[in-house]
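Trainee: Got a minute? I'd like to go through this structure with you.

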Amino acid sequence: MAEKNGDQVVVDVGKWEWSEMWKKEDWWAVWLGFFILLMGVIIYFPQAGKLEQELTAIEAKYAADAQKTDKFRTIGWHQLNDAKKKVKAKDIAVGKWLSNFAKKTHSWSTNPANAFFMSESAATAKKEKAVAKAEPLKAAAAEALVVAQAAEAKAETAGFANAQLNEEAKTAIANWRDTRLKASKAQSKTKAKPYNQIGWLLLLGASFAVFFGIGMKAMGKSFTAFIIGFTFIWLVSVLSHFAATQATMKAYGVGYAFWAIFFGILISNTVGTPKFAMPAVQTEFYIKTGLVLLGASILFEKIITIGTAGIFVAWVVTPTVWLVTYYVGQKYIKIPSKRLNATICSDMSVCGVSAAIATAAACKAKKEELTLSVGLSLVFTSIMMIVMPAIIKTTFPVDKQLILGGAWMGGTIDATGAVAAAGAFLGEKALYVAATIKMIQNVLIGVMAFAVAIYFTTRVEAEETGKKVGAMEIWYRFPKFVIGFIAASIVFSLIYTSFNNQVAGLGPAMIDQGVVKGMGDLFRGWFFTLSFVSIGLATNFRELKEHLVGGKPLILYVFGQSFNLCLTLLVAYIMFYVVFPELTATI
Amino acid sequence: MQTANNTTMNKKKGWLVLLSVLFMVYIFGVFIGPWLQQHIFGMDEIVTVMEESGIDGGAYYYTEIEGATDGYAYLDQSLQFLAPEHYGLTLPFISGIIICLLILYFGFRCLPR
């Protein structure tokens, strides 16, 4: 039956009425999420024909060179890859405008004003400094290309049958890639331009206020009270991004979710949350809308990227760790809240904050439970980001550091940013493997959230209420926004595959680099920030302290992560070096 | 200004704590954090790599990281060109997905009541 508890991340009522579809926030989250995605489709899909032509031309230009040999990756292979990556649907005028419109605060290190403003003279000075650094790197990359071309030509003359010449070409090409990568990173910093973000932030805040205000009005709440309250939530959200874009905080991997909760809790437990802000403290509404947008980036074709070895590391280890940790949490550690147990399991085994959000919403966890999970993840992510590459460098055999090390880090470090940082520290290949394993785990969020929603609806809630759960009761209780989340994932996965069937690379260009990065992602981060600020503003230390008694969540996290580290390493070794060594050799 | 709940502090103390914490955060970000960075084993090197590669250590999702896009393109093309027999929906690959779903199905059924 109906539950009303303001503490929950998501609250659902056990009864169905058709009017829910325009009165309940679950459905409004779906409508608003799909509205944004539909706008993305309208803006970017007309580009499909043009991008298809571009990709076909690229294939025609480089494909022959790319497939000259299967002994190593030729220069043509890399050029084909580089050229395809540049094809992006979001590179149109509207896409660029949207990117400015939804941009978060800029990076800054010591001068806080740089987060919002940079003068013409400061931009010119920054640009000149970057150009001075980039020019020699560019020249070195051009030189390395000439050497690589000569080495490849030699190997080709021998019909790619001479192992030594092949090896020399491989080394020269790898050297060219390294210098080219450094040059292109340095080159990207030469594009420094003056900016004034304040106007954009005001416009974005006003747009969000109206966007969510319409939903609130439709749900019978006061539009005016919401708008007034939203100004405060928005200010704290901007402050959170301001802190997250500070250079040191970025280096330590302390992202916006932490700062949003931190500032929210700090305000509510010191000067108190202003009463006028309370109508806009709508954790569930923001989180569910963000999750529908997240669904669009869960693309099932992505999981084939790293082949069978990767699927075993990401999709077999992860649910095993989840279930074992949950079991131990209930049976031996005796975590009092099943929802906290589930949220920590997803946070630790799947992919940190995004998985914690999805699971907390799917199992209707309390806001303090989500806060605690995010906090645990943050602490361990920062530690693992530094410790794991050091362990790999000092203990792993040199030939296994990049792939085995990358897969190990990708499967265990919670946050994607930290995975990329740790991977990049070991080398480009480790970065690619680690980031790809993490990406495949990201795709698992949808499956896990659905499984958790079903489990809590049919088992946990049935036990709590003492009622047998029939098919209709499952439907009543099932968090409806999950339907929007899964539907977005299925629809965009199908579109992605159909684009790729037209010409290889059209899916990433249209969906990844179009609707997802050019629309959904621009707003998703902000929506999650709004929800975390709301969680913080409605939390007090006493409630949070209750969950920390006995250190059980910490024990659970440490157990789960230790098990995760052992199992991931074992499975990664078996899959990459025992079962599929020939696949590993191609990476 | 009326406040909603949570705090038991008086106004003056509340503001003092709030501003002190914000100041401490600033001090950590600008002075203590960078100093610590040089004294934690390996941290400085990781930060240099992050700055050079433009990686945001605070990113939460693969779409926020350029490395994921590059890695996807690199590995996808590597498999397609160099090991096409391992690319796509191969039998071992499908078995991996089925095993995952079976683990979830039986695992959730076996969880303690």
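Mentor: Let's take the chain contact, then some helix packing.
Mentor: This is a predicted model: local features need pLDDT of at least 70, side-chain atom pairs count only at pLDDT 80 or more, and totals for chains, interfaces and linings use all residues. Residues are numbered from 1 along each chain as its sequence is written, with chains lettered from A and ligands numbered from 1 in the order in which they are written.

Trainee: How many residues does each chain put into the contact?
Mentor: Chain A gives 88 residues and chain B gives 76. Contact means C-beta atoms, placed from the backbone, within 7 Å.

Trainee: Which helix of chain B gives the most to the side that touches chain A?
Mentor: Helix 3 of chain B, with 15 residues. Helices are DSSP runs of H or I, at least four residues, numbered from the N terminus.

Trainee: New topic. At what angle do helix 11 and helix 16 of chain A pack?
Mentor: About 130°, with axes 10 Å apart. Axes are lines fitted to C-alpha atoms over the stretch in contact, and angles run from 0 to 180 degrees between N-to-C directions. That makes helix 11 of chain A oblique to helix 16 of chain A; oblique is what remains outside under 35, 65 to 115 and over 145 degrees.

Trainee: Which residues of helix 11 of chain A make that contact?
Mentor: A:Ala257, A:Phe258 and A:Ile261. Helix 16 of chain A brings A:Thr371, A:Val374 and A:Leu378.

Trainee: And what about helix 14 and helix 24 of chain A?
Mentor: They pack at about 35°, axes 10 Å apart. Among the residues that meet are A:Leu340 in helix 14 of chain A and A:Pro553 in helix 24 of chain A.

Note on methods: Contact = placed C-beta atoms within 7 Å. Helix = DSSP H or I, 4+ residues; strand = E, 2+ residues; numbered from the N terminus.
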